[in-house]
Each structure stands twice: as C-alpha cells, then as structure tokens.
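Visitor: I have a model open here. Can you walk me through it?
Guide: Sure, ask away.
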Amino acid sequence: MDIELFVLIVLIIIFVVIPVSMIVIKTAVRDGILEAFDILEKEKNDKKTDNDH
C-alpha cells in the first residue's frame, strides 16, 4: 500500500504540478517580455520628444 501511494503521488506531480508550473512560468515570462518591450518603446518615444525640443 505504501509503494502504491508513493507512485500515485509521483504520477500526480509529474502530470499535474509540472505542467501547471510550466504554464505559469511561460505566462510570467511572456508578460515580463511584453512589459520590457513597453518600457523600451516608452523610452524610445521619450527620447524622440526630447530631440524635438
């Protein structure tokens, strides 16, 4: 019984926890990249307005 419970827990971790954490990490990385691009675009636009003056 103990080994079956252990195998069940391992399978749950492999098929549930790891994919969910991968999705969370992918989403966080994508959001971080988009935020970084937004910051870079903002800096570019700020520099353009500074050069216009």
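Visitor: What does the secondary structure of the chain come to, in helices and strands?
Guide: One helix and zero strands. Helices (H or I, at least four residues) and strands (E, at least two) are DSSP runs, numbered from the N terminus. Before we go on: this is a predicted model, where local features need pLDDT of at least 70, side-chain atom pairs count only at pLDDT 80 or more, and totals for chains, interfaces and linings use all residues. Residues are numbered from 1 along each chain as its sequence is written, and side-chain values use heavy atoms, with hydrogens and water left out.

Visitor: Is the chain spread out or compact, going by its radius of gyration?
Guide: Spread out. The radius of gyration is 23 Å, well over the 10 Å that the globule rule gives for 53 residues, so the chain is more spread out than a compact globule. That radius is taken over C-alpha atoms, and the rule is 2.2 Å times the number of residues to the power 0.38.

Visitor: What does the C-alpha trace span along its principal axes?
Guide: About 75 × 10 × 5 Å. For spacing along the chain, take Lys26 and Phe15: they are eleven residues apart, and their C-alpha atoms are separated by 17 Å. For Ala36 and Met22, 14 residues apart, the C-alpha separation is 21 Å.

Visitor: How much of the chain is buried?
Guide: Buried residues make up 0% of the 53. Buried means under 20% relative accessible area, exposed over 50%, partly exposed in between (1.4 Å probe, protein chains only).

Visitor: And Lys26 and Ala36, where are they found?
Guide: Lys26 is in helix H1, and so is Ala36. Lys26 counts as exposed at 61% relative accessibility. Ala36 is partly exposed, at 39%.

Visitor: Switching to charges. How many positive and negative side chains?
Guide: 6 positive and 10 negative, with the centres of the two sets 8 Å apart. Lys and Arg count as positive, Asp and Glu as negative; His and the chain ends are not counted. Each charge is placed at NZ of Lys, CZ of Arg, CG of Asp or CD of Glu.

Visitor: How many salt bridges does the count come to?
Guide: One. The rule asks for a side-chain nitrogen of Lys or Arg within 4 Å of a carboxyl oxygen of Asp or Glu.

Visitor: Which residue does Glu41 pair with?
Guide: Lys44, with the closest N and O atoms 3.9 Å apart. Both lie in helix H1 (residues 2–52), three residues apart, about one turn of the helix.

Visitor: Are those two buried or partly exposed?
Guide: Glu41 is partly exposed, at 41% relative accessible area. Lys44 is partly exposed too, at 49%.
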